[in-house]
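Open the model in your viewer and keep the sequence panel beside it. The stops below say what to select next and what is there.

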Amino acid sequence: MEIKSAEFVISNTDIRKCPEGNRPEYAFIGRSNVGKSSLINMLTNKKGLAMTSQKPGKTQLINHFLINETWYLVDLPGYGYAQRGKEGRERIRHIIEDYILEREQLTNLFVLLDCRHEPLQIDLEFMEWLGENSIPFSIIFTKTDKISRGRLQENLKVYQAKLSENWEELPPFFFSSAEKREGREEILGYISEINAQLLK
Ligand code: GTP
Ligand code: MG
C-alpha cells in the first residue's frame, strides 16, 4: 500500500472526543518504550509525526493520524511504566481500556512486544484481557535490528509455546524494525487487506 498522506488529527484522553465517522482504526499498544510511536513514523515515512523518546512514558494521550484520507492509525500510551506511580498508571490504564472497549471504529489492535525479551507477565495478562473481551488483535515483535536472526527465531518459539498454553489459535504476527524499516510492507499489506473488506 502506498501512503499518500498522513496527518495528525487530534490528541485526547476522552474517547467521546475522538474523530467522528466510521473510518476504520488500527491502534498500537504495548509496554512503554516498546516502539509504538516509532513504528507509526516508519509506516508513514514521517519522522516526527508521532512523538518518540528514549525515556518510557512519552505518549500519554490517544493520538489519531488520518492516512490517505480514509483510515486512521492510532498511537496509544504504553502500559506498565513504573515511574508514573500508582495513580498515573491507573489514569493511563483507564484511557487505554476505555478506548479499546468502547471505540467502535477500532478494527484491529496491534500488540507490540520487544523481540529481545522473554514473554512478560504484564504482556501475557494484557493479551488475556483482550481475549476475554473479544478484541481482535495481532502481534508485532519490535526492534528486530537489536538481535540476530537465530536469537529472534528462538525467542519466537518461546513466545509461541507460552501463548499456546492459553490460546488454541495464535494471532497473526509480524516483525518490525523502525531502524531498518523492516515489516513495513507486511503490516501495511495486512491493513490494506482488511480495509479492502471493510470499504468495498
Ligand atoms: P511510550 O510512548 O513511552 O509508550 O513509548 P513507545 O512505545 O511509543 O516507544 P518509542 O517509539 O517512543 O520508542 C522508544 C525508544 O525505542 C526510542 O529511543 C526509539 O528510538 C527506540 N526504538 C523504537 N523502535 C526501535 C527499533 O525498531 N529499533 C531500535 N534500535 N530502536 C527502536
Ligand atoms: Mg509513544
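## First stop: V9

Select V9 and show its surroundings: leaving out residues up to four places away in sequence, V9 touches P19, H64, L66 and Y72. A contact here means heavy atoms within 4.5 Å. This is a predicted model, in which local features need pLDDT of at least 70 and side-chain atom pairs count only at pLDDT 80 or more, while totals for chains, interfaces and linings use all residues. Residues are numbered from 1 along each chain as its sequence is written, chains are lettered from A and ligands numbered from 1 in the order in which they are written, and side-chain values use heavy atoms, with hydrogens and water left out.

V9 has its place in strand 1. Helices (H or I, at least four residues) and strands (E, at least two) are DSSP runs, numbered from the N terminus. V9 counts as partly exposed because its relative accessibility is 37%. The cut-offs are these: buried is under 20% relative accessible area, exposed is over 50%, and partly exposed lies in between, with a 1.4 Å probe and protein chains only. Now draw a distance from V9 to P19, C-alpha to C-alpha: the two are 10 residues apart in sequence and 8.0 Å apart in space.

## Second stop: strand 3 and its partners

Select residues 62-67, which make up strand 3. Is this strand enclosed or open to the outside? Of its 6 residues, 6 are buried, so strand 3 is largely enclosed by the rest of the structure. Turn the view to look at each face: I62, H64 and L66 are buried on one side, and N63, F65 and I67 are buried on the other.

Add residues 6-12, which form strand 1. Strand 1 pairs with strand 3 in the antiparallel sense, over 6 bridges. Two strands count as paired if DSSP finds at least two bridges between them. To see one such bridge, pick E7, whose partner in strand 3 is L66.

Next add residues 71-75, strand 4. This strand runs antiparallel to strand 3, and 5 bridges join the two. Keep L66 selected and look for Y72, which stands opposite L66 in strand 4.

## Third stop: N68 and N45

Follow the chain from strand 3 into strand 4. The two strands form a hairpin with 3 residues between them. N68 lies in this loop, and its phi is near 45 degrees, a positive value in a residue other than glycine. N68 counts as buried because its relative accessibility is 17%.

Then move to N45, in the loop between helix 1 and strand 3. N45 is not a glycine, yet it has a positive phi of about 65 degrees. With 47% relative accessibility, N45 counts as partly exposed.

## Fourth stop: S32

Select S32, in the loop between strand 2 (25-30) and helix 1 (36-44). Which residues does S32 touch, not counting those up to four places away in sequence? They are P56, G57, G78, Y79, Y81 and R84. S32 counts as buried, at 13% relative accessibility.

## Fifth stop: T142

Select residues 137-142, strand 6, and pick T142 within it. T142 is buried, with a relative accessible area of 2%. Apart from residues up to four places away in sequence, T142 touches V34, L112, L113, D114, C115 and S176. For a distance across the model, draw a line from T142 to F8: they are 134 residues apart in sequence and 23 Å apart in space, C-alpha to C-alpha.

## Last stop: the whole chain

Clear the selection and show the whole protein as a cartoon. How many helices and strands are there? The protein has 5 helices and 7 strands, and from the N terminus on they run β-β-α-β-β-α-β-α-β-α-β-α.

The C-alpha trace spans about 40 × 40 × 35 Å along its principal axes. A compact globule of 200 residues would have a radius of gyration near 16 Å, and the protein agrees with this, at 16 Å. That radius is taken over C-alpha atoms, and the globule rule is 2.2 Å times the number of residues to the power 0.38.

Of the 200 residues, 50% count as buried. Among contacts with a separation of 6 or more, 74% come from residues 24 or more positions apart.
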